Amino acid sequence: MLVTTHKSSVEILNRMKDIVCLIISYPPMSLVNGESYKRNQYKWVRDILKINDVVREMGAPSKKKEINAFNFSGIDVERHGQIMPTPKRIYDLAVDFAIREILQHIEYPKIRKIGISGSHGETVISELWGELQECCIFDHVIDVEVSRCSTIEEIRFSIERDLFPSTSGERKLDETLKGTNFFILLHEVGERVNLYDMGTNWWNSKKIQKIVYTTNSQHVDDVTAVGVEIRMENHLLSWELFCVNVGEVVHSSGIQRLAINVVEKCCGHLLAVVIMARALKDVNDVLIWEYASYTLGLQHRYQTKDRVLFNALAFMWGRSGLTNKYLQYCVDMENWGQMDKVHLIEEWITSGLVGTFDEGEQIVGDLVNAFLLESFQYGDSNFVRMRSEIHEELLNFLRFESCSPFLRLGGWGLTEPPKDEAWEKASEMHLMNNKLSELPTSPHGSQLKVLFLQSNHHLRAIPPIFFEGLPVLQILDLSYTRIRSLPQSLFKLFELRIFFLRGCELLMELPPEVGKLRNLEVLNLEGTKIINLPIDVERLTKLKCLNVSFHGYRKNQSSTLIPRNVIQQLFQLQELRIDVNPDDEQWNATMEDIVKEVCSLKQLEALKIYLPQVAPLDHFMRNGTSSVYTSLVHFRFVVGSHHSRIISRLPNELAIKFELQARSLKYVNGEGIPSQIKELLQHCTALFLDRHLTLTKLSEFGIGNMKKLEFCVLGECYKIETIVDGAENCKQREDDGDVYGENILGSLQFLRLHYMKNLVSIWKGPVWRGCLSSLKSLALHECPQLTTIFTLGLLENLNSLEELVAEWCPEINSIVTLEDPAEHRPFPLRTYLPNLRKISLHYMPKLVNISSGLRIAPKLEWMSFYNCPRLETLSDMEVCCNGIKVIIGEADWWSTLKRSSYFGLAQWHNVFVPIKSDADLATQIEEIENQLLAERQERKPSQQSGEAERQERKPSQQSGEAERQERKPSQQSGSGGFMKALAFVATTASKKMKM
């Protein structure tokens, strides 16, 4: 029993060792120079390898003994947040990082065996073989397939056969390998083969000798048999670290490709990954993401120790704005490695940088959130510190900024462009969001690489020779200007890589000379009125992103929108978005040929396309087996013939939310249940069913086809009577005859129903455990026949529901319908909907109570009622009102309400907000929500405020310098916070780690 306990502890210790080896193979840790530092890095690894040998000896009954050093606590390995499915390019990056780690371990002789577990391990071995062919330090590089070997002896025989094809002999193998530098690659070692004794007679401390092997298992079975285990899932660390820090925006359609670009450009630099993620948190502007990727790839003429970190800090500096002066103050401080927070803020106040202590604390918090400072506590004092790597590169950057080639004048309200000398010096010029109406005729900017002119709404023309003096321009944004044409000088920008023309509504033609821009990688024409793509676009073979809109009026209706074979020539495309007018007959005529070309693009990851018929979806199946859908990380299919509508009945906010979903289908004017739609649904996370003509229930599409569905909108589907009929999904067990059902729509989080003329209920029939269990938000708008929202059975599954909205549902008398009025009596004290925070019930003339006497919503914060004349009572027996922050309704209704003792208290008058009958209801509710949000932000606990509190917290200055030195933390500990963060993410990176 004791040995088992020790073995478990050693497994944890070895797992920690592998994580340390992983982290020190990544920058910034791998950039630290000095032999003594590297020896210290591996000293702990060496000690663990010795412990492994001791534990193996303890396996013998005569040598069982206690080792107190093995008293380790477990590690929390719960995944932090929800990481999205990993794209193929990130797996390719993980392969590169795994190879880098192996090559780094070559230098350390004590690590002799390296095991690779998890997916893509064989890819690592294959690419490593190519690297080793160019390496001169090994006498023998042996590559052996051992998947059929069940013992060490069989593996040795395979190595002998590879090394000595014509002869054999165990002794000869031992002698040969012991005296040489060798690298042995073993493919697919079986789970039952223990390699601990492998190579015992070969090891020579004066030689470089390695055995690297892969296993099909998710982890190495015996951790003491290897020097280091490389779990491939752990080399997704940089991606997962980025996703955790950047927030939900990384899930947005159109952003993920750019996020991958940023992570790739970080080259595995974990500190840069976090800084970039924090700087891009919740940013939806694709240009900013493109610019982030561009900035990370910049090369510099001047010396910088860490180019990637320098570029990340340069990007952050451009995004930080007002906080830069505070950051520069910290850089210039002598004690930047540890700064007493109170003293730092007081210095800011004395220097006039801030006016109040609260303001200073907010700024410190912003710098900590940006990962530019780390906060920690020592004794009773709070400190912040700057990492030495960040301090060094910020010093470099500030020296560079003092003679800055960056001209940032965005949003200054400029009416005239900068003078000629400014163009001559700048490498970047930010002139967006100004009031420029004209540009210089021919500025000379021989160093200018980035030019932002977007959102200058008065800019109507660009001078003909404007671009002739800008020969090295790489990024150009002319979005949301009033230009009607592009000058010929633009097509001499042979280094141009990123070109944005979004929202140029007067631009109707893309000249054929665009084909001269051979280095173009991104061309964004979203929201323009161009009438077709010139055939010369096929010459843009480096293009990775093409976003095009065809909504312009064409005199010649026979002209082709996209010439044949253009798309298939753009073989490097990763993102393709084609927006067309559904009334355009030419698109309908050529669409199928374009679809075939799209399906030939092997690197495509994101696609938006309109298909007037269902049949072309067949082309997205490859050989009838594997589908294109599986290779697309993001897609948006609009399927079904329809006419464009000037005004949509659906809220614009809903359309925007749907656009942001990762893999979506909008099916318009559909009939029946086409097999192609059912196949596509299996891969969708979002569905918008618009005016389906024959469907009577959503479940007709097949419950198994909607398991991934998270977001669902149904609009104007007049034949639908219920969303799901549970009785149709009942099954009977063969053994006991019991009836059971599937988990139906278990992933669905958002459900919106609009203008459903014949909808009677949300759910019909039995409800099985797990059905709709993830639902967070339910909104019902204009469902005139709806009589049942929730049944008691459905109510028991809705533990995740946070918001309920019902409007213009005149037949509803309660949100809960009890088939038997007495069915809730056995559970009078039970509370349902434990996470419901918001209820909005508007235009419900028959509503008489909230939940038919059932107690609901212990966390309720918001109630909104309008035109519910029969709702005469708000009972605390139904609604838990302890946390209510606002109640909205008509003043007359509130004054006549028969309130229970709870709602009758005067305090509830303080949360009531009256609705004005002469103003738009939706507008008023939006204003109330914004006001509450602002108040909540104001109420965020500011740390301390006022002079008296500062004096209380201020350390006594009478204690003298000696005392301060005594309690002063070491500057060498500056990496603590970062290393803890890395260790946490590294341990959580394993998908199903068992300690």
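In this predicted model, strands β7 and β8 form a hairpin with two residues between them, and Gly379 in the turn has a positive phi of about 65 degrees. The hairpin belongs to an open sheet of three strands, in the order β6-β8-β7 with antiparallel pairing, and the protein that holds this sheet contains 26 helices and 40 strands. The points below begin with the sheet, then turn to two helix contacts, two loop residues and the protein as a whole.

**The sheet around β8**

- Strand β7, residues 374-378, is joined to β8 by five bridges, and the two strands run antiparallel; within this pairing, Ser375 stands opposite Val384 of β8.
- Strand β6, residues 339-340, is joined to β8 by two bridges, and this pair also runs antiparallel.
- Along the β6 pairing, Met339 has Val384 in β8 as its bridge partner, while Asp340 has Phe383 in β8 as its bridge partner.
- Val384 of β8 therefore appears in both pairings, since it stands opposite Ser375 and is also the bridge partner of Met339, with strands of a sheet in general pairing through backbone hydrogen bonds, either parallel or antiparallel.
- In the order β6-β8-β7, the edge strands are β6 and β7, each of which pairs on one side only.
- Strand β8, residues 381-385, is largely enclosed by the rest of the structure, because four of its five residues are buried, a term that applies under 20% relative accessible area.

**Contact of α11 with α12**

- Helix α11, residues 307-320, and helix α12, residues 324-332, have axes that come within 9 Å and cross at roughly 135 degrees.
- Because this angle lies outside the ranges that count as roughly parallel, roughly antiparallel or roughly perpendicular, α11 and α12 are oblique to each other.
- On the α11 side the contact is made by Met316, Trp317 and Ser320, which meet Asn324, Leu327 and Gln328 in α12.
- The residues of this contact of α11 with α12 divide into three nonpolar, three polar and no charged.

**Contact of α3 with α8**

- Helix α3, residues 88-105, and helix α8, residues 256-265, have axes that come within 10 Å and cross at roughly 10 degrees.
- Since angles under 35 degrees count as roughly parallel, α3 and α8 are described as roughly parallel to each other.
- Arg89, Ile90 and Leu93 in α3 meet a set of residues in α8 made up of Arg257, Ile260, Asn261, Val263 and Glu264.
- The residues of this contact of α3 with α8 divide into four nonpolar, one polar and three charged.

**Positive phi outside glycine**

- Asp282 has a positive phi of about 65 degrees although it is not a glycine, and this residue lies in the loop between α9 (270-279) and α10 (286-296).
- Tyr480, likewise a residue other than glycine, has a positive phi near 55 degrees, and its place is in the loop between β12 (475-477) and β13 (498-500).
- With a relative accessible area of 38%, Tyr480 is partly exposed, because that value falls between the 20% limit for buried and the 50% limit for exposed.

**The protein as a whole**

- Of the 995 residues of the protein, 52% count as buried.
- The accessible surface of the protein comes to about 45500 Å², and 48% of this surface belongs to carbon and sulfur atoms.
- Among contacts between residues at least 6 apart in sequence, 68% join residues that are at least 24 apart.

Definitions and conventions: Residues are numbered from 1 along each chain as its sequence is written. This is a predicted model: local features need pLDDT of at least 70, side-chain atom pairs count only at pLDDT 80 or more; totals for chains, interfaces and linings use all residues. Side-chain values use heavy atoms; hydrogens and water are left out. Axes are lines fitted to C-alpha atoms, for helices over the stretch in contact, and angles run from 0 to 180 degrees between N-to-C directions. Angles under 35 degrees count as roughly parallel, over 145 as roughly antiparallel, 65 to 115 as roughly perpendicular and the rest as oblique. Contact means heavy atoms within 4.5 Å. Ala, Val, Leu, Ile, Met, Phe, Trp, Tyr, Cys and Pro count as nonpolar, Asp, Glu, Lys and Arg as charged, and the others, Gly among them, as polar. Buried means under 20% relative accessible area, exposed over 50%, partly exposed in between (1.4 Å probe, protein chains only). Two strands pair if DSSP finds at least two bridges between them. Accessible areas come from the Shrake-Rupley method with a 1.4 Å probe; for residues, only the protein chains shown count as cover.
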